[in-house]
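Biologist: Please put the model on the screen. I would like to go through one helix and then some charged pairs.

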Amino acid sequence: MEWTSAGRRAERKGACEDEVTRVYAELEGGRCLLALDGHATGSPKVCAAISSIVYALAGYLTNAERDGSAEVYDLVLEDGRVRIHCHGDDRTTGACEMAVVGLRQLERQYPELLQVTFPPD
C-alpha cells in the first residue's frame with residue numbers, strides 16, 4: 001500500500017482511506033472517550049447516521065454539563081474529526097453507551113465504511 005504525503009493510505013481494497021470513519025471508544029467508570037476520524041463518503045446515509053448519533057450525544061452532554069450531571073473535558077466537532085471526552089452520572093454513561101451501541105450497529109451493517117475499536121483488555 002502506498003502512503004500519500006498526508007500520511008493516509010492511497011488505496012485500501014480499492015477504496016480511498018477517506019471513505020472510512022474510524023471510531024475509537026473507551027467507556028469505563030462513568031468516563032467516556034470517543035474519537036472519530038474520517039468520512040463514510042461512500043454512503044451519504046451512513047455518514048448522516050454517524051453524524052446524527054454523534055451530534056445527539058454532543059447535545060446531550062452540553063445540556064448535562066450545564067445541569068451539573070456531567071463534566072465535559074473535550075468536545076470537538078469538526079469536519080472529519082470528532083473528540084468527545086467526558087465523565088458523568090448514570091444517565092450520562094447511558095447516553096454514551098447508547099451512542100457506542102448505535103455506532104456498532106452501523107459498523108455491523110457497513111463494515112467497509114465504519115470501524116469501531118476499543119482498548120485492549
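Biologist: What length does helix H1 reach from its first C-alpha to its last?

Modeller: This is a predicted model, so the figure is computed from predicted coordinates. H1 covers residues 44-67, which makes 24 residues. At 1.5 Å a residue the expected value is 34 Å, and the helix comes close to that, reaching 34 Å.

Biologist: Which residue follows H1, and what is its phi?

Modeller: The helix ends at residue 67. The residue after H1 is a glycine with a positive phi. That residue is Gly 68, with phi near 85°.

Biologist: Which residues of H1 are buried, and which elements are among those that cover them?

Modeller: The buried residues of H1 are Val 46, Ile 50, Ile 53, Val 54, Leu 57, Ala 58, Leu 61 and Ala 64. Their cover includes strands from several parts of the chain, among them S1 (21-28), S2 (31-37) and S3 (70-78). Also included are strand S4 (81-88), helix H2 (90-109) and strand S5 (114-117).

Biologist: How many salt bridges does the structure hold?

Modeller: A pair counts when a side-chain nitrogen of Lys or Arg is within 4 Å of a carboxyl oxygen of Asp or Glu. Glu 26 and Arg 31 are one such pair, at 2.5 Å from N to O. The total for the structure is 6.

Biologist: In that pair, is Glu 26 buried or exposed?

Modeller: The cut-off for buried is under 20% relative accessible area. Its partner Arg 31, at 25%, counts as partly exposed. Glu 26 has 17% relative accessibility, so it counts as buried.

Biologist: Which residue forms a salt bridge with Arg 83, and how many residues apart are the two?

Modeller: The partner is Asp 37, with the closest N and O atoms 3.1 Å apart. The pair links distant parts of the chain, as Arg 83 is in strand S4 and Asp 37 in strand S2. Arg 83 is buried at 18% relative accessibility, whereas Asp 37 is partly exposed at 33%. The partner is Asp 37, and the separation is 46 residues.

Biologist: Where do Glu 107 and Arg 104 lie, and which of the two is buried?

Modeller: Their side chains meet in a salt bridge at 3.0 Å, N to O. Both residues are in helix H2, 3 residues apart, about one turn of the helix. Arg 104 has a relative accessible area of 27% and is therefore partly exposed. At 15% relative accessibility, the buried one is Glu 107.

Key: Residues are numbered from 1 along each chain as its sequence is written. This is a predicted model: local features need pLDDT of at least 70, side-chain atom pairs count only at pLDDT 80 or more; totals for chains, interfaces and linings use all residues. Side-chain values use heavy atoms; hydrogens and water are left out. Helices (H or I, at least four residues) and strands (E, at least two) are DSSP runs, numbered from the N terminus. The expected span of a helix is 1.5 Å times one less than its number of residues. Buried means under 20% relative accessible area, exposed over 50%, partly exposed in between (1.4 Å probe, protein chains only). Contact means heavy atoms within 4.5 Å.
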